[in-house]
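Visitor: I should like to learn how to read a metal site and the packing of helices from a set of coordinates. Could we work through an example together?

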Amino acid sequence: MVNVLMFTDPGIDDSFAIMYALLNPKINLVGIVSGYGNTPKEISVRNTVYLLNLGGREDIPIVAGAAGPISGEPVRFYPEIHGKEGLGPLKPPDDIKNVKVYDFNKILEIITQYRGNIVIVSIGRLTELALMFILYGNDALKDVSAFYIMGGAFLVPGNITAEAEANFYVDAIAANSVMEKAHKVYLFPLNITNRAIITPEVINFLSENSPTPFRPLIKPAFDYYFHAYQKNVPGIKGAPLHDVVPLMSLIDPDLVKFISRRVRVEEFGTAKGKSIADFRPKPDPEPIDSMEHIGMEADYQKFVVQFMEVFLRRSE
Ligand code: BDR
Ligand code: CA
C-alpha cells in the first residue's frame, strides 16, 4: 500500500483520479490539496469535499491550496471543458456534510507523519508545490519518496497553446521551480496522457455496473468532458483521463516507460509553459540527481482494463 498526498484541481479528470485513488485498495490517500486550476479554488475544494462525502472518507484531510499563480496574473478557468461547477452538468447538493478544511501548514504535518513513505501525486497547476519550497526552503520536501506529476508536452503539440500543456503553462514559474528543486520526479506529459483514452462504451458499462458510491457521477461528468474533447479534437473516440495515469503508474510500474532527462519549463514569452529536455542522440551530460523521468510510452490497453477493474470493484 502506498501513502499518497494528492495536489489537484477538480475538474472532471481530477475527479476521476480522486475516485480512482479512493477505490484502489493499493492506495492509501492521506490528504488532498485542492487549489485553483480547472475551476476557482473554492469550487475545487467543494468538489473534493463532495467526493470524499460520497466515498464516506471524510477522515481524509483536505487542504485549501492556492487561488492563482505565483506571477499574480489573472486566471482563466475552463467551464467549457469541466463545467461551470467543475463536474460537468452536476453540482454538489447543498446539504453535503461540512468538513474541516485545513490551511497550508497541514501539508508539512502530513509529510512529516508519513516521512520516507509518502508519494506526492500532482495533477493540477504546480503553484502549491513551488510555494512549499518558497515557504519552507529547498529541503522542504526531502521526506517525500517521489513526485508523480501530470504535466508537460515534449516535442508534441500543447493543449493550451501550440507548445504548452495546461498544468505547466498556467504557472510556468512554479513548474520550472518544481523541476529544479524536487527530487525523484516522474512526469506524465501529454505525450502519453493524450492517449489514455476512455471510451463512452466503457463509461456506459461502468455507469450501469459500478457497485461504487460514485456510479451516478460517472456518466454525466464523462459525457460533458467527452463532448468538449469532440469539439477540440475532431474524430476522437473517447476522452483522455490525463490525471488517472500517474496514479495507475504508481501502482503498476510496468504501465509507463520513462526516459531520464533534465527538464526545464519556459517561464515567459510566446513559448511560456513549453517543456524543454535534451533529446539529442548525445545529450549534454547532466548529473543523475538533476534528471526527471519522463513518461514517453504507456500500455493503453492495460490502462483501460485496470481503470475498469477499479470502478467495478466491490469494497470489502
Ligand atoms: C491537465 O490540465 C487539466 O485541465 C487537466 O485536469 C489535467 O490535469 C491536462 O493538461
Ligand atoms: Ca488536473
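Visitor: Are Asp9 and Asp243 buried or exposed?

Guide: A residue counts as buried when its relative accessible area is under 20%. In this predicted model, Asp9 is buried, as is Asp243.

Visitor: Which residues coordinate the calcium ion (ligand 2)?

Guide: One looks for donor atoms around the metal, within 3.2 Å in the case of Ca. Here the calcium ion (ligand 2) is coordinated at 2.2 to 2.5 Å by OD atoms of Asp9, Asp14 and Asp243, with Asp14 listed twice, and by the O atom of Ile123. Along the chain, these donors follow the spacing D-x4-D-x108-I-x119-D. Asp9 belongs to the loop between β1 (2-8) and α1 (12-23), and Asp243 to the loop between β9 (239-240) and α11 (244-251); the pair therefore ties together parts that are 234 residues apart in sequence.

Visitor: How should the packing of α1 against helix α12 (residues 300-312) be read, and at what angle do their axes cross?

Guide: One begins with the axes, then turns to the residues in contact. The axes of α1 and α12 come within 9 Å and cross at roughly 65 degrees. Angles of 65 to 115 degrees count as roughly perpendicular, so α1 is roughly perpendicular to α12. The crossing in which α1 passes α12 is left-handed. Phe16, Met19, Tyr20 and Leu23 of α1 make the contact with Gln306, Phe307, Val310 and Phe311 of α12. By class, this contact has seven nonpolar residues, one polar and no charged ones.

Visitor: What is the angle at which α11 and α12 pack?

Guide: The angle is about 90 degrees, and the axes of α11 and α12 are 11 Å apart. These two helices are therefore roughly perpendicular to each other. On the α11 side the contact is made by Val244, Val245 and Met248, and on the α12 side by Lys302, Phe303, Gln306 and Phe307. Five of the residues in the contact of α11 with α12 are nonpolar, one is polar and one is charged.

Visitor: Where do helix α9 (residues 200-209) and helix α10 (residues 215-232) meet, and which residues are involved?

Guide: Their axes come within 8 Å and cross at roughly 160 degrees. Because of that angle, α9 is roughly antiparallel to α10. The crossing of α9 past α10 is left-handed. From α9, Pro200, Ile203, Asn204, Leu206, Ser207 and Glu208 meet Arg215, Ile218, Lys219, Phe222 and Phe226 of α10. The contact of α9 with α10 comprises six nonpolar, two polar and three charged residues.

Terms used: Residues numbered from 1 in each chain as written. Chains lettered and ligands numbered in written order. Predicted model: local features only at pLDDT ≥ 70, side-chain atom pairs only at ≥ 80, totals over all residues. Heavy atoms only, no water. Axes fitted to C-alpha atoms, helices over the stretch in contact; angles between N-to-C directions. Helix = DSSP H or I, 4+ residues; strand = E, 2+ residues; numbered from the N terminus. Parallel < 35°, antiparallel > 145°, perpendicular 65-115°, else oblique. Left-handed = near helix turned anticlockwise from the far one by under 90°. Contact = heavy atoms within 4.5 Å. Nonpolar A, V, L, I, M, F, W, Y, C, P; charged D, E, K, R; others polar. Donors = N, O, S within 2.8 Å, 3.2 Å for Na, K, Ca; no water. Buried < 20%, exposed > 50% of the residue type's maximum accessible area, 1.4 Å probe, protein only.
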